[in-house]
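Please open the structure in a viewer and keep the sequence beside it. The stops below follow one another as a series of selections.

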Amino acid sequence: MLAYRVSVLCLLFRGSSSISCFSCNKLPRAEQKVCPGERVEYPTSDACRILALSDGTVVQTMVSPSNLCHKENLNVLRRRVAKLYKDGGARAVCCFEDGCNRGLENAERSLRAVNSPPSDPNLEFETFEVKNPGGDGGGG
């Protein structure tokens with residue numbers, strides 16, 4: 001009986017994908033919403049996204065289909081933000097935990113714990129470069 005319950009719970013968990021993401025928009029020519037915005041539940045998605053400038057200023061947060069979190073798609077978004085704000089260090093990051101897109105640091109911290117969507121943990125997504133706050137470990 002215990003094995004049956006565990007199997008049912010696993011099926012329920014894998015069959016359901018939902019996430020809560022912050023939603024805001026400061027991009028030009030779009031309806032402006034203050035950042036970080038409201039946290040909204042998205043019952044059929046499993047990824048949040050954040051677009052930010054190199055100084056960490058958030059310009060957009062929203063839900064994202066996980067298939068739009070691949071490196072190629074994020075690079076398109078990154079270039080768009082870089083062009084709009086003349087900021088070559090702009091960032092586009094997806095994350096896969098509730099509320100993970102509140103800020104760039106939150107998204108990066110979340111990716112260290114969960115770096116793929118629960119609906120398909122075998123997919124590989126672009127991760128970010130983690131800067132070691134204690135130095136690079138080398139001498140010199």
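Select E105, R112 and A113 in α3: these residues are exposed, on the side of the helix opposite its buried residues. The model is a predicted one. Now extend the selection to the whole of α3, residues 104-113, and pick out L104, A107, E108, S110 and L111, which are the buried residues of this helix. Viewed down the axis, these five span an arc of only 160°, which places them on the same side of α3. An α-helix has 3.6 residues a turn, so residues three or four places apart point the same way. What do the buried residues of α3 pack against? Display β3 and β5 alongside the helix, for these are the strands that the buried residues contact.

Next, isolate β5, residues 91-95. Four of its five residues are buried, so the strand is largely enclosed by the rest of the structure. Add β3, residues 48-52, as the antiparallel partner of β5; five bridges link the pair. To locate one position in this pairing, select L51 and find its bridge partner in β5, A92.

Keep L51 highlighted and move to the interior. Which residues have the most contacts inside the largest nonpolar core? They are L51 and V81, in a core of 30 residues. To see where its members come from, colour β1 (19-25), β2 (33-42), β3, β4 (58-63), α2 (71-85), β5 and α3, each of which contributes at least two residues to this core. Then centre the view on V81 and show its surroundings: leaving aside residues up to four places away in sequence, V81 touches L27, L51, A52, L53, V59, K86 and A90.

The tour now turns to the cysteines. Show their side chains as sticks; there are four disulfides in the model. A disulfide is a covalent bond between the sulfur atoms of two cysteines. Counting bonded cysteines along the chain, the disulfides follow the pattern 1-4, 2-3, 5-6, 7-8.

Select C21 and C48, which are joined by a disulfide with an S to S distance of 2.0 Å. C21 belongs to strand β1 and C48 to strand β3, so the bond ties together parts that are 27 residues apart in sequence. Is this disulfide left-handed or right-handed? The torsion about the S-S bond of C21 and C48 is about -85°, so the disulfide is left-handed. C21 is buried, at 0% relative accessibility, and C48 is likewise buried with a relative accessible area of 0%.

Proceed to C24 and C35, where a disulfide again has an S to S distance of 2.0 Å. With C24 in strand β1 and C35 in strand β2, this pair ties together parts that are 11 residues apart in sequence. The torsion about the S-S bond of C24 and C35 is about 85°, so this disulfide is right-handed. Both C24 and C35 are buried.

Finally, select C95 and C100, another disulfide, with the sulfur atoms 2.0 Å apart. The S-S torsion of C95 and C100 is about 90°, so the disulfide is right-handed. C95 and C100 are both buried.

How values were computed. Residues are numbered from 1 along each chain as its sequence is written. This is a predicted model: local features need pLDDT of at least 70, side-chain atom pairs count only at pLDDT 80 or more; totals for chains, interfaces and linings use all residues. Side-chain values use heavy atoms; hydrogens and water are left out. Buried means under 20% relative accessible area, exposed over 50%, partly exposed in between (1.4 Å probe, protein chains only). Two strands pair if DSSP finds at least two bridges between them. A nonpolar core is a set of buried Ala, Val, Leu, Ile, Met, Phe, Trp, Tyr and Cys residues joined through side-chain atoms within 4.5 Å. Contact means heavy atoms within 4.5 Å. The arc is that of the directions from the helix axis to the C-beta atoms. A disulfide is a pair of cysteine sulfur atoms within 2.5 Å.
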